[in-house]
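Let's walk through this model together, helix by helix. Keep the sequence and the 3D view side by side as you read.

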Amino acid sequence: MLTLERGGFRGLASFLILIPLATLVTSFPESHKPSQSHKTRQQNQLKLTPELSFQITLHAFLLWASIGFLMPVGIIIIRMSNRVECGKKLKLLFYSHVIVQMMAVLLATAGAVLAIMNFENSFNNTHQRAGLALHGLIWIQPLIGFLRPHRGVKVRSIWYSVHWLLGIGIPILGIINIYIGLHTYHERTSKSVELWTVLFTAEIVIISFIYLFQDRWDYMMKQGVILGDEQIRPTDHITSQSTSLKELVSIT
């Protein structure tokens, strides 16, 4: 029960952090800063060629597949192991988590390489700076994962805390940066990104919902079942006696 409560608390905390931040990013004003002149805005407009448009689309797809989809799925997979006792299933979930997360790292790296080779990288905007910091954290996280100490070692709890915080923080930062990237694309090209913003937000809400209630599912399913080794609490006994008395009175 304590494990479920802690898992539910962590899930609720992550959910409450993720949704307001995502809402904050999507609420950026669509107009440019008042201090910018019309001439400056025209100079900042990005001239899209078919080749550049394809590169931007591919970059966006790689980062979405990595940070916006695979990383959250990898987190959900490893959380499933909290309810599994079979050794084979535990290994399967663990290696599935590792494979999914490594695929996410490789896709994110491909997206970063594509941006460095083909885009202007002056790092004078939030999207590029956050992307640079994010890419460094993405490679630190698997290194920490491979340096996992054995259970029972004192530093295991410290390792787990760092690994968990980075594991949650990286997808949250990445998701926010995806929203920032969509907003930056709209500013530089004047093209609408409303549809992609809505679809991505819907996906994040669904994933957050699954993450939040994952540990509670089995608990909710057991509410209508009396287990063989489950002890009846005193309140249950009193309720049962009261019910029997009412039935006896109604019969007489």
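Start where Thr126, His127, Ala130, Gly131, Leu134, Leu137, Ile138, Ile140, Gln141, Ile144 and Gly145 in helix 5 meet Trp159, Val162, His163, Leu166, Gly167, Ile170, Leu173, Gly174, Asn177, Ile180, Gly181 and Thr184 in helix 6; contact here means heavy atoms within 4.5 Å. Sorted by class, the residues of this contact are 12 nonpolar, 11 polar and no charged, where Ala, Val, Leu, Ile, Met, Phe, Trp, Tyr, Cys and Pro count as nonpolar, Asp, Glu, Lys and Arg as charged, and the others, Gly among them, as polar. The model is a predicted one, in which local features need pLDDT of at least 70 and side-chain atom pairs count only at pLDDT 80 or more, while totals for chains, interfaces and linings use all residues. Residues are numbered from 1 along each chain as its sequence is written, and side-chain values use heavy atoms, with hydrogens and water left out.

How do these helices cross? Two packed helices are described by the angle between their axes and the distance between the axes. For helix 5 (residues 126-146) and helix 6 (residues 156-189), the axes come within 9 Å and cross at roughly 155°. That makes helix 5 roughly antiparallel to helix 6. Angles under 35 degrees count as roughly parallel, over 145 as roughly antiparallel, 65 to 115 as roughly perpendicular and the rest as oblique. The axes are lines fitted to C-alpha atoms, for helices over the stretch in contact, and the angles run from 0 to 180 degrees between N-to-C directions. The helices themselves are DSSP runs (H or I, at least four residues), numbered from the N terminus. The crossing of helix 5 with helix 6 is left-handed, meaning that the near helix is turned anticlockwise from the far one by less than a right angle.

One residue to pick out in this contact is glutamine 141, which sits in helix 5. Is its side buried or exposed, at 12% relative accessibility? Glutamine 141 counts as buried at that value, with buried meaning under 20% relative accessible area, exposed over 50% and partly exposed in between (1.4 Å probe, protein chains only). Leaving aside residues up to four places away in sequence, glutamine 141 touches His163, Leu166, Gly167 and Ile170.

Now follow helix 6 to its other partners. Helix 3 (residues 50-80) is one of them: the axes of helix 3 and helix 6 come within 10 Å and cross at roughly 155°. The two are therefore roughly antiparallel to each other, and helix 3 passes helix 6 in a left-handed crossing. On the helix 3 side, Ile56, Leu63, Trp64, Ile67, Gly68, Met71 and Ile75 meet Gly167, Ile168, Ile170, Pro171, Gly174, Ile175, Ile178 and Tyr185 in helix 6. This contact has 12 nonpolar, three polar and no charged residues.

Helix 7 (194-213) is another partner. Its axis and that of helix 6 come within 10 Å and cross at roughly 165°. That makes helix 6 roughly antiparallel to helix 7, again with a left-handed crossing. Here Trp164, Ile168, Ile175, Ile178, Tyr179 and Leu182 in helix 6 meet Trp196, Thr197, Phe200, Thr201, Ile204 and Tyr211 in helix 7. By class, there are 10 nonpolar, two polar and no charged residues in this contact.

In the loop between helix 6 and helix 7 you will find serine 190. Its phi is near 65°, a positive value in a residue other than glycine, and at 53% relative accessibility serine 190 counts as exposed. Another loop residue, lysine 47, lies between helix 2 (38-44) and helix 3 and is exposed, with a relative accessible area of 75%. The C-alpha atoms of lysine 47 and threonine 189 are separated by 7.4 Å, although the two are 142 residues apart along the chain.

Back in helix 3, look at serine 66. Serine 66 is buried, with a relative accessible area of 0%, and touches Met71, Ala104, Val105, Leu107 and Ala108, not counting residues up to four places away in sequence.Last come the aromatic rings, with five pairs in the structure. In one of them, the rings of phenylalanine 61 and tryptophan 64 have centres 5.9 Å apart and planes at 40°, so the pair is tilted. Rings of Phe, Tyr and Trp (its six-membered ring) pair if their centres lie within 6.5 Å; planes under 30 degrees apart count as stacked, over 60 as edge-to-face and the rest as tilted. Phe61, Trp64 and Phe69 form one aromatic cluster.
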